[in-house]
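Work through the following exercises with the sequence and the structure side by side, and try each task before reading its solution.

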Amino acid sequence: MTKNLSENLIEIEKYLDKYKNKTLSHFIGGKEVMSLSGNTFENYSPVNNEKIGSIASGAEEDIELACDIAKNVSDEWRKTSGKIKQKLLHKIADGIEKRAREIALVESYDSGQAIRFMSKAAIRSAANFRFFADMAPNASDGKALPADQHLNYSIRQPIGPVGVITPWNTPFMLSTWKIAPALASGCTVVHKPAEWSPYTAMILAEIIKEAGLPDGVMNVVHGFGETAGRSLTENKNIKAIAFVGESSTGSQIMKQGADSLKRVHFELGGKNPVIVFDDADIEKALDATIFMIFSLNGERCTSSSRLLVQESIKDEFVKKLCERIKKLKVGHPLDPETEIGPLIHEKHLKKVLSYFDLAGEEGATVKMGGKAFSINGAGNYVEPTLFTDVKNRMRVAQEEIFGPVLSVISFKDENHALEIANDTQYGLAAYLWTSDVGRSLRLSHQLDAGMIWINSENNRHLPSPFGGMKASGIGRDGGDYSFDFYMETKNICTAFGTHTVPKLGK
Ligand code: NAD
């Protein structure tokens, strides 16, 4: 049964007790340890910007320790049979399901994401582990490629210890999306969670320990990107970096990893168009548009932050949008009624607010919202915001705002829609609303985006490829695509004994 805000507030106190006036440790080699320097940093809740607790601040020496251990146990973990890996990963999923309520509450309080979404994210995280658990026994399977007088066959082998670096939006779910396939592949892991949302990473570490994963196979080092993150990307024992975050950070990581020739997988920013044609199911398109920009506080890489609407229906669509935006419930993230919670951090709030000023300066209209506000005198709350009269070259239409902010741009016809949609540095997702099947297919093939949803919001299917083009990413996740990243493909070519080997120096 769904609990109300007061009940949730009472329950979360029980979990926060573990963190208040304490220092959250790293998890290295199966042990909870502080930074070798003893350094810490503070973590705050977006609900009131009050300190929740302190966090061990990792530096090069802590990363080195974790990476050395991850390397030392790497051989043992790669040789562990797929069946055992499968069993262990299912045990981790069991542990997540058992603590799903705690994970959802802590994540919600730490990140500001509404509990209605975080409870689903916790369950989805268990599903991530189960999905990749069942792929573990066959992860090393390759292809049989018979040739003339030779048989080629390929196998896959874990690449070795990998670094996983994650952001603060839905941090628990995103980390499981990386860590589960890495472990299923046979890689050991050093995870560097985002500094603004560190708690649930340690809940996962506790669950993993309890499930019986050998010590050192999964490690967590907290800290800032420029210190702990940088050291992880430069460490010689780390063979690959799975990174989710901003495009500019991805570019930085690529440079940092260049000397040690790191394999990288990047899931980066987006400025995704939702394109609504006049023949679409308008009510459904409206639901999806609102859901994809205002759920998860708009702090979502796949958010539909640019609404491209056909001129003939623009006024009607915007009118309906305004009516719905007026009714969106912004509130305490632990209130089950809340649809939009506070933004993660005061700094991020400031960034989002700067776009409210910019919109006016650029000649757009702030049609709805456009202000910050507090609840009981506190919190990083912003009104759900709608910009109209937007031209696609304006910064509000080009830059990732990462908040509950939607820019409306109108288009004349299919070609015009395509031109606007592709006129951005990003290429993560695109959403198409039309009843013309031919048009939806024509556009899908021409849109610069790694993922296209036709007449749908972002519906995820774990075996399907997830990722972006252009500045939105490198590589794909999901199903077998994840294994291709965490594993090396080896080709073995055996002769039938019938061919002639060239003779030199006769
Ligand atoms: P960010 O790039 O600032 O930080 C992400 C992580 O990188 C953090 O853990 C941070 O400490 C670390 N980091 C920062 N600098 C680093 C460096 N020099 N070396 C190594 N690590 C470093 O991103 P954020 O603000 O935490 O998250 C929001 C961004 O993430 C948005 O751009 C969003 O679109 C993106 N995102 C993308 C996807 C996707 O699947 N494409 C999913 C979620 C979020």
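The exercises below concern the ligand and its surroundings in this model, which is predicted.

**Exercise 1.** Find where the ligand sits, and name the closest of the residues that surround it.

*Solution.* Begin with the site as a whole: the ligand sits in the largest pocket. Next, look at the residues around the ligand, which number 29, and note that the closest are Lys192, Glu195, Thr249, Leu268 and Glu400.

**Exercise 2.** Identify polar atoms of the protein that lie within 3.5 Å of N or O atoms of the ligand, and state how much of the ligand the protein covers.

*Solution.* Start with Glu195, where a polar side-chain atom lies 2.6 Å from an oxygen atom of the ligand. Then turn to the backbone: an N or O atom of Leu268 lies 2.7 Å from a nitrogen atom of the ligand, while a polar backbone atom of Gly245 is 3.4 Å from an oxygen atom of the ligand. Finally, of the 850 Å² of accessible area that the ligand has on its own, the protein covers 92%.

**Exercise 3.** Describe the make-up of the shell around the ligand by element, residue class and domain.

*Solution.* First, the elements that give two or more residues to this shell are helix H9 (225-234), strand E11 (240-244) and helix H10 (247-256), and H10 supplies the largest share, four residues. Second, sorting the shell by class gives 14 nonpolar, nine polar and six charged residues. Third, domain 1 (5-268 + 472-490) and domain 2 (273-454) each contribute at least three residues to the shell.

Definitions and conventions. Residues are numbered from 1 along each chain as its sequence is written. This is a predicted model: local features need pLDDT of at least 70, side-chain atom pairs count only at pLDDT 80 or more; totals for chains, interfaces and linings use all residues. Side-chain values use heavy atoms; hydrogens and water are left out. A residue is near a molecule or strand if one of its heavy atoms lies within 4 Å of it. A polar contact is a pair of N or O atoms within 3.5 Å; within protein, one must be able to donate a hydrogen and the other to accept it, and residues adjacent in sequence count only if both atoms are side-chain atoms. Accessible areas come from the Shrake-Rupley method with a 1.4 Å probe; for residues, only the protein chains shown count as cover. On a 1 Å grid over the protein atoms alone, a cavity is a set of points where a 1.4 Å probe fits but cannot get out, and a pocket is an open set with protein on both sides within 12 Å along at least five of seven lines; lining residues have an atom within 4 Å of a point. A molecule sits in a cavity or pocket if more than half of its atoms lie within 2 Å of its grid points. Ala, Val, Leu, Ile, Met, Phe, Trp, Tyr, Cys and Pro count as nonpolar, Asp, Glu, Lys and Arg as charged, and the others, Gly among them, as polar. Domain bounds come from an automatic or database domain assignment.
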